[in-house]
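Please consider the model shown below. The paragraphs that follow lead through it step by step.

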Amino acid sequence: QADRSHASGYRGALPEHRADGLIEKQVSGCCLSANCQLAFANFFSIAVYTSIQYFSAMSACKDDQLKTSCNRCGSCCKQGGPALHTQDLNLVFSGTLHFEDLITVRRGELALQPLTDSLEPVIEEFIKLKGQGTDWCCRFFDHHAAACTIYAHRPLACGLLDCTHPDELLAIAGRDLLSRFELLAADDPLLPLVKLHEEHCPCPQLSKLTDRLAADEEDTLEQLTRQVNLDLAVRSKAAREFSLSVDRELFYFGRPLFQLMQPLGFTFTETVQGLILHYRSR
């Protein structure tokens, strides 16, 4: 039976087998229950469109040409938390930010580019603040007070964000972004598994999947199915052996591959051998 203590629902004490020298886990029939899928359905479908670089929230303000200064409307915070820069390292090391507050956006994921509506693949991974529940609104935004709960210790991008004068923020766009490997200690017991996962379960170039499917749909789906199941296997291994919570998982491993693919037209079927991917052209 699946471990229902985790909202993401794909974890459980499942049988293991070896393939290519790696520990894999078979995914049993109930590992992705309807209730568990529903819990994160909105979060993950929105993520492919709003898992955007720190200042992309400015696009929500770009049509407001009458502003001359910040009026604390909260639009930037509501559209998503910032990505972290090297200048933000101390926020993590000092305990202001914890791994539970962060999410990894991996290379190959789609991200909305600043001040445009175009989706492009992320060239290098970055870390950003998580949202609230199924919403990308910054987790530190207090809706009632319309204020930041860590304002005195807010990240660099937040301090520079001004939708009426974006030059300073645009100047740091894509520069000196933090990745997981700058935050993980050398003796972190999960580091070897993170490296293994990154080597064998990289995020596919989502922007190129349509071309790959057009060239050879059967082979592409077979490769992706194997990769998706190995991704889940590594996560389940981490949860079982290190009691890794879902919140920390999203920092250590980013979002599950099958969830990233769903908004692109992929569906899946659960079998005793694992997930099988299907694709419906749009």
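Which residues does arginine 106 touch, not counting residues up to four places away in sequence? The model under discussion is predicted, and in it arginine 106 touches Val122, Glu125, Arg180, His197, Glu198, Cys201, Pro202, Cys203, Phe253, Gly254 and Leu257. Arginine 106 sits in the loop that links strand E3 (102-105) to strand E4 (110-112). Its relative accessible area is 0%, and arginine 106 therefore counts as buried, a class that requires a value under 20%. A polar contact also involves this residue: the side chain of arginine 106 reaches the backbone oxygen of cysteine 201 at 2.6 Å.

A second arginine offers a contrast. Arginine 175 is placed in the loop between helix H5 (167-171) and helix H6 (191-200). With a relative accessible area of 55%, arginine 175 is exposed, because that class begins over 50%. Its side chain reaches the backbone oxygen of alanine 171 at 3.4 Å. In sequence, arginine 175 and threonine 86 are 89 residues apart, while their C-alpha atoms are 9.1 Å apart in space.

The strand that precedes the loop of arginine 106 leads on to the sheet pairing. E3 and E6 run antiparallel and are joined by four bridges; within this pairing, valine 105 has phenylalanine 126 of E6 as its bridge partner. Along strand E6 (residues 126-129), Phe126 and Lys128 point one way, whereas Ile127 and Leu129 point the other way, and all are buried.

Attention may now turn to the nonpolar interior. The largest nonpolar core holds 27 residues, of which Leu97, Leu102, Tyr252 and Phe253 touch the most other members. At least two residues of this core come from each of helix H3 (89-93), E6, H6, helix H8 (217-242) and helix H9 (246-252). H8 supplies the largest share, four residues. Leaving aside neighbours within four places in sequence, leucine 97 is in contact with Leu84, Leu91, Val92, Leu102, Leu129, Phe140 and Ile150. Apart from the largest core lies another core, of 19 residues, among them Leu221, Leu257, Leu260 and Phe268. Leu257 is also one of the residues that arginine 106 touches.

Finally, the protein may be viewed as a whole. The chain forms ten helices and ten strands. Of its 282 residues, 49% count as buried. Among contacts with a separation of 6 or more, 70% are between residues 24 or more positions apart. The protein exposes about 13500 Å², and carbon and sulfur atoms supply 51% of that area.

Definitions and conventions:
Residues numbered from 1 in each chain as written. Predicted model: local features only at pLDDT ≥ 70, side-chain atom pairs only at ≥ 80, totals over all residues. Heavy atoms only, no water. Buried < 20%, exposed > 50% of the residue type's maximum accessible area, 1.4 Å probe, protein only. Polar contact = N/O pair within 3.5 Å; in protein donor to acceptor, adjacent residues only side chain to side chain. Contact = heavy atoms within 4.5 Å. Areas by Shrake-Rupley, 256 points an atom, 1.4 Å probe, with all protein chains shown as cover. Pairing = 2+ DSSP bridges. Core = buried A, V, L, I, M, F, W, Y, C linked by side-chain atoms within 4.5 Å.
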